Amino acid sequence: MLKFDSPFRTALFVCTHKRPDGHPKPCCADRGGAELRGELKDLVKAQGLEMEVKVFSSGCIGACDQGPVAIQYPTGELMMGIKPEDVPTILDSITDK
Ligand code: FES
């Protein structure tokens with residue numbers, strides 16, 4: 001195994017997990033998870049932060065009832081029930097603006 005320091009300071013994992021239609025448990029895909037990830041990526045790019053903040057898609061994080069959810073590393077902060085209007089605040093909190 002090879003190990004290296006991460007080339008970026010922060011990683012955001014946004015749940016985009018999709019469950020089959022009719023599944024009794026909710027999923028972030030049906031609650032805007034993919035759109036949220038796209039909005040975060042767009043804002044990171046617009047602010048020129050691509051080398052500082054990476055936005056990844058993740059599978060289920062386990063807070064499905066509160067979706068869409070994201071988790072930030074290295075802090076481990078879990079964000080739930082994220083709304084589109086929260087996107088700038090999330091990025092500001094990460095970049096200490
Ligand atoms: S489906 Fe997103 S946390 Fe479970």
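In this predicted model, helices α1 and α2 lie oblique to each other. The reason is the angle: the axes of α1 and α2 cross at roughly 55°, and an angle that is neither under 35 degrees, over 145, nor from 65 to 115 counts as oblique. Helix α1 spans residues 33-46, and helix α2 spans residues 87-95. Their axes come within 10 Å. The crossing of α1 past α2 is right-handed.

The contact draws on both helices. From α1 come E39, L40, L43 and V44. From α2 come V87, P88, I90 and L91. Seven of the residues in this contact are nonpolar and one is charged. None is polar.

The strands form an open sheet. Four strands are arranged in the order β2-β1-β3-β4, and their pairing is mixed. Strands β2 (53-58) and β4 (78-79) are the edges, each pairing on one side only. In general, the strands of a sheet pair through backbone hydrogen bonds, in either a parallel or an antiparallel sense.

The parallel pairing joins β1 to β2. Strand β1 covers residues 10-15 and pairs with β2 over six bridges. Within this pair, V14 has S57 of β2 as its bridge partner. Helix α1 also belongs to this part of the model: β1, α1 and β2 make up a β-α-β unit, and the unit is right-handed. Helix α1 thus appears in two settings, in the β-α-β unit and in the contact with α2.

On its other side, β1 meets β3. These two strands run antiparallel and share four bridges. V14 has a bridge partner here as well, A70 in β3. L12 stands opposite Q72 of β3. V14 is therefore bridged to S57 in β2 and to A70 in β3, in keeping with the strand order, which places β1 between β2 and β3.

Strand β3 (residues 70-73) continues the sheet to β4. The two strands are antiparallel and are joined by two bridges. I71 is bridged to L78 in β4, and A70 stands opposite M79 in β4. A70 thus links to V14 and faces M79. Strands β3 and β4 form a hairpin, with four residues between them. G76 sits in the turn and has a positive phi of about 80°.

Notes. Residues are numbered from 1 along each chain as its sequence is written. This is a predicted model: local features need pLDDT of at least 70, side-chain atom pairs count only at pLDDT 80 or more; totals for chains, interfaces and linings use all residues. Two strands pair if DSSP finds at least two bridges between them. A crossover is right-handed if, with the strands pointing away from the viewer, the path from the first strand over the helix to the second runs clockwise. Axes are lines fitted to C-alpha atoms, for helices over the stretch in contact, and angles run from 0 to 180 degrees between N-to-C directions. A crossing is left-handed if the near helix is turned anticlockwise from the far one by less than a right angle, and right-handed if clockwise. Two residues are in contact if their C-beta atoms, placed from the backbone, lie within 7 Å. Ala, Val, Leu, Ile, Met, Phe, Trp, Tyr, Cys and Pro count as nonpolar, Asp, Glu, Lys and Arg as charged, and the others, Gly among them, as polar.
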